[in-house]
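Let's take a walk through this model together, stopping at a few places that reward a second look. Have the sequence and the 3D view open as you read.

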Amino acid sequence: MPEGDTVWQTARRLHGALAGEVLIRSDFRVPRYATVDLTGRRVLDVVSRGKHLLTRIEGGLTLHSHLRMDGSWKVFAAGRRWSGGPAHQIRVVLGSADRTAVGYRLPVLELLRTADEHRVVGHLGPDLLGPDWDPAQALANLLADPARPLGEALLDQRNLAGIGNVYTCELCFLLGVTPWLPVGDLPAERAGKLPALAKKLLEANRDRPVRGTTGRRGQDLFVYGRAPRPCLRCNTSVRVADQGDGSRERPTYWCPTCQRGPTPAPRGRTGAR
């Protein structure tokens, strides 16, 4: 599941393959850009902004992409067979003399002026892996709506950029509270630790092929994806329920013993523990 660390890795891989190189292949396979040709232009750099990718190209252009759930960028050496999925899933191909970058299943693909990047990423909060990281601002953003469930607040990229469902579940576990706890009910000491803890987790995983939060090989995550297996701390069965703001529900995992706060109840109600 692409989250801030995965997108950061993707940006680094694309930058290493294309930055400074002149494009000799440009193939957009979406109707909107079917006639666009970027050949002859140099790729300047590739950066991540939260979960967004910005590929900056000579001439004041930026290719904005977002992986969401299923998208990916694959990089291949010249002459190597592509292996990221069937051809009909390819949305764009950018190639230099030595490397070819192929975008598969990209739900968001937009070519815009570099000067207009704010239009697609200007709404984001401080980036956990970016030069604009500001823990005080991130915390202030989270606490601005004290009645909002913590899980929803963490997933809102306007508060802080880069956290997805995996890190939301793991952060709530490490803080000892459920994802349904109102942000304003988070003890001040734990709230103060949240931004630094979130940054620590993403930074620790941005260079790893397999995401982990436990430090245990073979048991990489405390709760995410573990229901109904036992909690790694107390052996209670991990639980899962959907959480969302109505626009999208996400499977959310928690330990009913290690985490305190409201939990889902039948018929959509919540009950405190």
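**Loops, a lysine and a pocket**

Start in the loop between β4 (61-66) and β5 (72-77), where you will find R68. This is a predicted model, and in it R68 has a positive phi of about 45 degrees although it is not a glycine. R68 counts as partly exposed, at 48% relative accessibility.

Now move along to the loop between β7 (99-104) and β8 (108-113), which holds R105. Here, too, phi is positive in a residue other than glycine, with a value near 55 degrees for R105. Its relative accessible area is 24%, so R105 is partly exposed.

Next, go back to the loop between β2 (43-49) and β3 (52-57) to meet K51. What surrounds the charge of this buried residue? K51 has no salt bridge, and E3, the nearest side chain of opposite charge, is 5.7 Å away. That distance lies outside the 4 Å cut-off for a salt bridge. A polar atom of the K51 side chain does, however, lie 3.2 Å from the backbone oxygen of I163.

For a change of backbone geometry, turn to the loop between α6 and β9 (239-244), home of P228. The peptide bond leading from A227 to P228 is cis, its omega being near 0 degrees.

Finally, look into the second largest pocket, with about 290 Å³ of space. It is lined by 16 residues, and R208, G212, T213, T214 and G215 are the closest to its centre. Helix α6 (residues 188-205) gives the largest share of this lining, five residues. Sorted by class, the lining comprises five nonpolar, six polar and five charged residues.

Definitions and conventions. Residues numbered from 1 in each chain as written. Predicted model: local features only at pLDDT ≥ 70, side-chain atom pairs only at ≥ 80, totals over all residues. Heavy atoms only, no water. 1 Å grid on protein atoms, 1.4 Å probe; cavity = no way out; pocket = protein on both sides within 12 Å on 5 of 7 lines; lining within 4 Å. Points joined across faces, edges and corners; volume = space filled by probe spheres on them. Helix = DSSP H or I, 4+ residues; strand = E, 2+ residues; numbered from the N terminus. Nonpolar A, V, L, I, M, F, W, Y, C, P; charged D, E, K, R; others polar. Buried < 20%, exposed > 50% of the residue type's maximum accessible area, 1.4 Å probe, protein only. Lys, Arg positive; Asp, Glu negative; His and termini not counted. Polar contact = N/O pair within 3.5 Å; in protein donor to acceptor, adjacent residues only side chain to side chain.
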